[in-house]
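Dear colleague,

I am passing on the structure below, and I would be glad if you could keep it open while you read the notes that follow.

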Amino acid sequence: MVEPGEVALPVDGDSQLALIRVFDDRAGLAPPILPGSVHDAIGAIIRERQERERLAARGISPTRSAILVGPPGVGKTLSARWIASTLGKPLWVLDLTAVMSSLLGKTGNNLRAALDHAKKHAAVLLLDEIDAIAKRRSDESDIGELKRLVTVMLQEVDQWPDSGLLLAATNHPELVDPALWRRFDLVLKFDSPDASAIAVAIQRFLGDDLALFESWIDVLAAGLQGQSLSDVERSINALRRGHALQTAPLEQLIGSALGQRQEALSKAERLNLAIALAKAGQPHMQISQMTGVARDTIRKHAGPSPRKGRGLK
Ligand SMILES: Nc1ncnc2c1ncn2[C@@H]1O[C@H](COP(=O)(O)OP(=O)(O)O)[C@@H](O)[C@H]1O
Ligand SMILES: [Mg+2]
């Protein structure tokens with residue numbers, strides 16, 4: 001069989017937009033940071049694929065389709081890449097925005113062409129941002145065509161062969177047609193990362209600079225609570241760039257990594273940040289200005305303010 005990585009991919013006839021993007025992570029990809037339950041569910045999908053023949057011998061199909069649901073930036077697309085790479089395949093991503101932006105009258109054909117192509121090559125296919133279909137529904141004149149499109153999708157999900165794996169992802173489950181929703185063998189729910197996932201992610205994203213920022217990890221973890229891992233990665237990368245180019249002293253770079261995020265933290269989270277900052281040796285007056293936590297409260301939790309401190313700002 002032709003290797004999916006090497007075949008010509010379908011393009012929209014009018015715009016020459018590639019309808020399928022390819023992520024080839026077969027050289028290796030770090031596993032996504034996920035809670036145990038999601039991790040196990042993904043492990044089961046992979047195992048069923050790997051032992052497909054054993055299942056087939058008993059007349060059982062592996063999970064053929066799954067829909068990944070959750071807020072943006074928590075690892076849905078990354079998990080699809082991880083599944084494909086673990087199975088030794090590239091991930092094909094059907095860009096529904098490209099499909100939808102092609103002339104609507106042809107959208108159904110484009111979609112079918114791309115899906116047929118994926119089926120023929122036993123690909124792992126991700127329908128990313130599947131809610132893009134529903135978003136078009138606002139325009140009255142499109143309704144007939146959209147209905148046909150959803151019908152195409154319903155048939156395809158139903159008839160997806162055991163040899164391929166069909167994944168879909170959405171940040172807006174409420175926009176996905178319930179009939180389509182029901183067709184997927186499995187629903188995988190991704191939540192916002194908890195405190196320990198954020199701490200693990202910070203350490204991973206610091207990479208070779210981990211030792212350098214060792215004493216700031218608790219501060220960063222406390223300050224980046226509530227962020228998606230994609231946002232955490234962006235902040236850490238900015239920090240590393242700033243440090244590599246010495247745009248400002250380390251304390252100041254940390255301060256600006258946390259700077260814009262104070263409003264997003266709850267009162268308890270701000271207290272945690274204040275305590276972490278105090279433990280990292282910051283003067284209480286500045287901590288108090290930054291977090292809005294009273295100096296008395298900081299002292300109560302973390303002992304007296306240091307005599308000297310470099311200060312975050
Ligand atoms: N669970 C995670 N584990 C590790 N990195 C993550 C995770 N979630 C997000 N990231 C980082 O953020 C980037 C964007 O995440 P992505 O998978 O596209 O999010 P989503 O599809 O849920 O919107 C990833 O490529 C990765 O670098
Ligand atoms: Mg995504």
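In this predicted model, six strands form an open sheet in which the order is β1-β3-β4-β5-β2-β6 and the pairing is mixed. The edges are taken by β1 (20-23) and β6, and because each of these has a single partner strand, one side of each is left without a neighbour in the sheet. On average, and with direction ignored, neighbouring strands of this sheet are turned by 25 degrees against each other.

Two helices that pack on the sheet may help you to find your way around it. Helix α1 (residues 36-50) touches β2, β5 and β6, and its direction makes about 145 degrees with that of β6. Helix α3 (residues 76-86) also packs on the sheet, where it touches β1, β2, β3 (91-95), β4 (124-128) and β5, and the direction of α3 makes about 165 degrees with that of β5.

The strand I looked at with particular care is β2. Strand β2 covers residues 65-69, and since five of its five residues are buried, it is largely enclosed by the rest of the structure. The residues of β2 point in two ways, with S65, I67 and V69 on one side and A66 and L68 on the other, and all of them are buried.

How do the partners of β2 line up with it, starting with strand β5? Strand β5 (residues 165-170) pairs with β2 in the parallel sense, over five bridges; within this pairing S65 stands opposite L166, while the bridge partner of I67 is A168. Strand β6 (residues 186-189) also runs parallel to β2, to which it is joined by four bridges, and here A66 of β2 stands opposite L186.

One residue outside the strands also deserves a note, namely S228, which lies in the loop between α11 (217-223) and α12 (229-244). Is S228 buried or exposed? Its relative accessibility is 13%, and because buried means under 20%, S228 counts as buried. If residues up to four places away in sequence are not counted, S228 touches P72, G73 and P193.

When you go through the model yourself, you might begin with β2 and its two parallel pairings, with β5 and with β6, and then turn to the loop that holds S228.

With best wishes

Definitions and conventions. Residues numbered from 1 in each chain as written. Chains lettered and ligands numbered in written order. Predicted model: local features only at pLDDT ≥ 70, side-chain atom pairs only at ≥ 80, totals over all residues. Heavy atoms only, no water. Buried < 20%, exposed > 50% of the residue type's maximum accessible area, 1.4 Å probe, protein only. Contact = heavy atoms within 4.5 Å. Pairing = 2+ DSSP bridges. Axes fitted to C-alpha atoms, helices over the stretch in contact; angles between N-to-C directions.
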